[in-house]
Amino acid sequence: MKALTVVPMQAGTAELSDVEEPPDSDGPVLVETIAIGICGTDAEIVSGRYGWAPPGKDRLVLGHESLGRVLEAPIGGAVAKDDLVVGIVRRPDPVPCSNCAVGEWDFCRNGQYTERGIKQHDGYLSERYRITPDFVVKVDPTLGLLGVLLEPTSVVAKAWEQVERIGNRAHWSPSSVVVTGAGPVGLLAALLGVQRGLEVHVIDQMVQGVKPELVRALGAEYHTGAISEARKNPDVIIECTGVGSLVFDAMEHIGPGGVVCLTGVSSGGRTLGIDAGDLNRSMVLENEVVVGSVNANRRHYEAAADALAKADRSWLERLISRRVPLQRWADALDRSPDDVKVVVEVAEH
Ligand code: BGC
């Protein structure tokens, strides 16, 4: 079967390879891949800046934002033939650490977790894959291709859970959120903010096009300026760009008792001049919190599946700005400024 593979940390090595059918040892659920979403992490892996091959191998099968159809599953299990499913990305570390031991692998403490399509575990961008039932999540069948948005939605479902758990350390009745970045993660974070009944503001650089349109279609406000101009003292800021200056801007402008959640995985190498004492004083005097959030566990995938099931289908459809057939996978990695989510289509749906 065909699979998109890459030699991690070596640019220019991505290719459509012929690989073996998935071994039975990968699990009793056989899934036919329908589509795979492409994100910044995939672009980083393909450009040789991130990623790890499975032990003993040179190449890694890419793809962690998946949607597939079950071809075979054990009778009487949680998933059955023809179900639309999404594979969970992370696997617990083998030790396991105290968090992985209780299914909170997104909080793995020793870094020995693996991630399908990213870290030491082949991904889902192959025509078929096998998996154990505990690592697949069923998608509302009426979502169809839109189910491919489940993995990025799980990442923001976790971010919102963190914000709410932290907020609830004291009386918590938030009214506003600023989201920085109108990429797929930012837009999905905004969707979840709207679903919570909050006043939602999204900041991005694009002056026109699909991003401002998508924000306004949610009933949220779109801004191209600074956080302080978008909304004074927001209760929540979800930072989805990983841009250092915005991270510090968020910390400076979060409202009293507010929570800044960082979700962008940035590359290093840039320094900023900041008045650390001033920032510290205001954060202490106003009980503000900055929290990093990565990945998602099963609970977050399930929350994401509920959020997508109740979202407006035509809005979700516009989030998928381009579909590329598997043979033309390279076009999917060639991103234009107006792209939101680009997906590689592997099979008919
Ligand atoms: C994925 C996460 C993953 C993270 C770090 C993101 O693109 O969505 O599941 O944990 O990269 O590897």
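This tour visits a helix, a buried histidine and a small set of strands in a predicted model.

Local features need pLDDT of at least 70 and side-chain atom pairs pLDDT 80 or more, while totals for chains, interfaces and linings use all residues. Residues are numbered from 1 along each chain as its sequence is written, and side-chain values use heavy atoms, without hydrogens or water.

**Stop 1: helix α3.** Select residues 184–195. Helices (H or I, at least four residues) and strands (E, at least two) are DSSP runs, numbered from the N terminus. Helix α3 has twelve residues and spans 16 Å from first C-alpha to last. That is close to the 16 Å expected at 1.5 Å a residue (1.5 Å times one less than the number of residues). Nine of the twelve are buried (under 20% relative accessible area; exposed is over 50%, partly exposed in between; 1.4 Å probe, protein chains only). Among them are L187, L188, L191 and L192. Now step to G197, just after α3: its phi is positive, about 80 degrees.

**Stop 2: H300.** Find H300 in helix α8, residues 298–309. H300 counts as buried because its relative accessibility is 1%. Show its contacts (heavy atoms within 4.5 Å). Beyond neighbours within four places in sequence, H300 touches D106, S154, A157, K158 and E161.

**Stop 3: the open sheet.** Three strands run in the order β7-β8-β9, with mixed pairing. β7 (90–91) and β9 (120–121) are the edges; each has a single partner strand, so one side of each lacks a neighbour in the sheet. Select β8, residues 114–116: β8 and β9 pair in the parallel sense over two bridges (pairing needs at least two DSSP bridges). End at R116, which stands opposite H121 in β9.
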